[in-house]
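Thanks for sharing this one. Here are my notes, set out as numbered points that you can follow with the viewer open.

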Amino acid sequence: LEKAKVMRVQRLETQTVDESVKEIVKRVIETIEQLGEIEHDYEHDGEEYKKTLTYIIARLKDAQPEFKVTKSERESLEAQVKTARLELESGTVNEDERPAQEQEFEDLQRQYQDKLLKETELLEIINNAQRAIPEVQKSRDAAKSAIQAIRQMRRGLLEKQQNFQKQTYGK
């Protein structure tokens, strides 16, 4: 830091006014270019947020109807499992029919567990999508706001630089 201060003082002592003006103009142009690069980065981010939102919304659209169907099927299987269990526990099942009914009960149990697992997975997709959408929208909107602010800064600097050059050099 001290070395930079010494170099700045030396430059100020030896530099002419024209050289100082050229240095400032050079820095302003560099700043305008850097702001352009930053703006481009934010535009890229904004596009990525749009793609992400499109993907999340599509997942949500696909999962919701499938979730309703799966939930309905799971509820039906749950009732069938309960009925089969009551029949087996009631003691009224003929011993010859018992193995077949036990097998049917086991099959229903497996189907029920599979539907329950699928329902849970779909519900997780729905919940995650519903939580993610507002957050991604906030990020997208922040990127848009940043682009507007950067564009305004660039335009302001560019206008000042052009006005200065026109006034100073008549260009």
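1. Let me start with helix α3, which covers residues 98-169 and has 72 residues. From its first C-alpha to its last it reaches 103 Å, close to the 106 Å expected at 1.5 Å a residue. There is a bend to look at, though: α3 turns by about 25° at A132, and a proline, P134, follows within four residues. Please keep in mind that this is a predicted model.

2. Now for the overall layout. The chain has three helices and zero strands, giving the pattern α-α-α along the sequence. Its C-alpha atoms fill a box of roughly 110 × 35 × 15 Å along the principal axes. The radius of gyration is 35 Å, whereas a compact globule of 171 residues would be near 16 Å. Buried residues make up 21% of the 171 in the chain. Of the contacts between residues at least 6 apart in sequence, 86% join residues at least 24 apart.

3. Which residues make up the largest nonpolar core? There are 10 of them: L53, I56, L60, A63, F67, L122, I126, A129, I133 and V136. Both α2 and α3 supply at least two residues each to this core. As general background, nonpolar side chains in soluble globular proteins tend to be buried together. For a closer view, pick V136: leaving out residues up to four places away in sequence, V136 touches Y49, T52, L53 and I56. A second, separate core has eight residues, among them L77, A84, L88 and V93.

4. R74 deserves a stop of its own. This arginine sits in helix α2, which spans residues 17-90. Is R74 buried or exposed? Its relative accessibility is 11%, so R74 counts as buried, the cut-off being under 20%. Beyond its neighbours within four places in sequence, R74 is in contact with Y112, K115, L116 and E119.

5. R74 also has a charged partner. It forms a salt bridge with E78, with the closest N and O atoms 2.8 Å apart. The two residues are four apart in helix α2, and so about one helical turn separates them. In general, an α-helix has 3.6 residues a turn, so residues three or four places apart point the same way. The two ends of the pair are not alike in exposure: E78 is partly exposed at 36% relative accessible area, while R74 is buried at 11%.

6. What does the salt bridge between E66 and K118 tie together? The side chains meet at 2.7 Å, N to O. E66 belongs to helix α2 and K118 to helix α3, so this pair links parts that are 52 residues apart in sequence. Both residues are partly exposed: E66 has a relative accessible area of 32%, and K118 has 35%.

7. Finally, the wider set of charged pairs. Searching the whole structure gives 17 salt bridges. One of the pairs is D141 with R140, whose closest N and O atoms are 3.0 Å apart; D141 is partly exposed, with a relative accessible area of 36%. Through shared partners, salt bridges also join E39, E43, R151 and R154 into one network. If you display a single group of charged side chains, that network of E39, E43, R151 and R154 is one to try.

Methods
Residues numbered from 1 in each chain as written. Predicted model: local features only at pLDDT ≥ 70, side-chain atom pairs only at ≥ 80, totals over all residues. Heavy atoms only, no water. Buried < 20%, exposed > 50% of the residue type's maximum accessible area, 1.4 Å probe, protein only. Contact = heavy atoms within 4.5 Å. Expected span 1.5 Å × (residues − 1). Bend = angle between axes of the 7 residues up to and from the residue. Salt bridge = Lys/Arg side-chain N within 4 Å of Asp/Glu carboxyl O. Core = buried A, V, L, I, M, F, W, Y, C linked by side-chain atoms within 4.5 Å. Rg over C-alpha atoms; globule rule 2.2 N^0.38 Å.
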